[in-house]
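The exercises below are meant to be worked through with the coordinates open. Try each task before reading its solution.

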Amino acid sequence: MDIDQHYSHHADEAFLLQQLRQRYPDGPSSYQLAPLDQLHIGGIKASEKLLQQLQHDQPHRILEIGSGVGGLMRMLNAKTQIEVVGIDITHRFNRLNQAISALTSPPTSPQLITCDARQLPFADNHFDCIIFQHSLLNIPHTDVCLQECRRILSRHGSLLLHEVLQGPNPHSMRYPVPWASNAQQSHLLTFEAISALLQQHHFKLEQAENWSSEALQWRHRQQQKETSVKPPSTLSPANILGQSFSQMGANVITNLNTGAVEVWQLSCRGQTL
Ligand SMILES: C[S@@+](CC[C@H](N)C(=O)[O-])C[C@H]1O[C@@H](n2cnc3c(N)ncnc32)[C@H](O)[C@@H]1O
């Protein structure tokens, strides 16, 4: 199964949009959308943390790679006067991102392109910031992707990653997880491997934070919420990722506990060649 199929064959868009219109006639807020559009470990709090990082740099043109259903993009558009572009390989997510953005108050129309992160349709030096939030984890041939990032990023532009990395105990990995039905769809690197690749592509790693223990606590809290309210009265990642989401969420907890995976935030800067 291709990665776009992992993500696109579950969501019932029409049902979801109807639910959102009914529940939030004045337009859903970022917090109300979070169970649907923050498809990463750590939810909206993790996105807020990522955005804090931008306050230092004040970029003008940001590319989000693997923008999914658009949670981070909408937060970026709401808070700043910057140009934000999202790319995603799953066309259905781009359509849903656009449709959800049209429901918010005020409605927005995000700039979205359906393409593969290993072949980016932008000119050299076009962006001054690139963000990956739980998307590098799906991308094979990370070196090709980073080479493309280096090409389209300005000389001292920043690269921010909020990613799942391979932990010290990869053999205990359990599937499905929210980003992969099986091992062929998951492309996790160790911290050492990603650090070496970043250096090789002329990115200086300025900050690295392992927040796996916070991520574990967060997932436990989410699991309690998801099981305490009876479906279908609640919106949850299952509306996007399908009914096996409860198993995916449980496996995230197991994988963090056994050290199969870790959650990191990395902040990098382009270096002069
Ligand atoms: C786990 S989801 C995260 C979505 C979003 N960043 C978020 O945190 O809510 C991973 C996203 O990466 C996208 N993706 C996977 N491989 C990709 C590729 N090669 N090029 C572009 N997008 C890709 C998927 O379609 C999906 O939307």
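**Exercise 1. Find the polar atoms that meet the ligand, and say how much of the ligand the protein covers.**

Solution. A backbone N or O atom of Q133 lies 2.8 Å from a nitrogen atom of the ligand, and the protein covers 98% of the 600 Å² of accessible area that the ligand has on its own; such areas come from the Shrake-Rupley method with a 1.4 Å probe, and for residues only the protein chains shown count as cover. The model is a predicted one, in which local features need pLDDT of at least 70 and side-chain atom pairs count only at pLDDT 80 or more, whereas totals for chains, interfaces and linings use all residues. Residues are numbered from 1 along each chain as its sequence is written, and side-chain values use heavy atoms, with hydrogens and water left out.

Next, look for further polar atoms: a backbone N or O atom of G66 is found 2.7 Å from a ligand nitrogen atom, while D88 places a polar side-chain atom 2.5 Å from an oxygen atom of the ligand. Finally, list the surroundings, which comprise 22 residues, with L39, H40, G66, D88 and T90 the closest; a residue is counted here if one of its heavy atoms lies within 4 Å of the ligand.

**Exercise 2. Describe the setting of R150 and decide what its side chain meets.**

Solution. Begin with the secondary structure: R150 belongs to helix 7, which spans residues 142–152 (helices are DSSP runs of H or I with at least four residues, strands are runs of E with at least two, and both are numbered from the N terminus). R150 is buried yet has no salt bridge, and D124, the nearest side chain of opposite charge, is 10 Å away. Three terms are needed here:

- Buried means under 20% relative accessible area, exposed means over 50%, and partly exposed lies in between, with a 1.4 Å probe and protein chains only.
- A salt bridge is a side-chain nitrogen of Lys or Arg within 4 Å of a carboxyl oxygen of Asp or Glu.
- For charge, Lys and Arg count as positive and Asp and Glu as negative, while His and the chain ends are not counted.

Then examine the polar atoms: a polar side-chain atom of R150 lies 3.5 Å from the backbone oxygen of H202. Apart from neighbours within four places in sequence, the contacts of R150 are R155, H201, H202, F203, G270 and Q271, where contact means heavy atoms within 4.5 Å.

To close, place R150 among the other buried residues of helix 7, which are T142, C145, L146, E148, C149 and I152. The buried residues of this helix pack against strands 1, 4, 5, 6 and 7 and against helix 8.

**Exercise 3. Compare the sequence separation and the exposure of the partners in two salt bridges.**

Solution. The whole structure holds 11 salt bridges. One of them joins the side chains of E148 and R151 at 2.8 Å, N to O, and these residues both lie in helix 7, 3 residues apart, about one turn of the helix. E148 is buried, at 13% relative accessible area, whereas R151 is partly exposed, at 27%.

Another salt bridge pairs E206 with R269, whose closest N and O atoms are 3.4 Å apart. Because E206 lies in strand 6 (residues 203–210) and R269 in strand 7 (residues 261–270), the pair ties together parts that are 63 residues apart in sequence. Both partners are partly exposed, E206 at 42% relative accessibility and R269 at 22%.

**Exercise 4. Trace the polar contacts of the S212 side chain and the surroundings of V263.**

Solution. S212 is in helix 9, residues 212–228, and is buried, with a relative accessible area of 13%. The side chain of S212 makes a polar contact of 2.6 Å with that of N210; a polar contact is a pair of N or O atoms within 3.5 Å, where within protein one must be able to donate a hydrogen and the other to accept it, and residues adjacent in sequence count only if both atoms are side-chain atoms. A polar atom of the S212 side chain also lies 3.0 Å from the backbone nitrogen of V263.

V263 is found in strand 7 and counts as buried at 0% relative accessibility. Beyond four places in sequence, the contacts of V263 include I41, H134, H162, W211 and S212.
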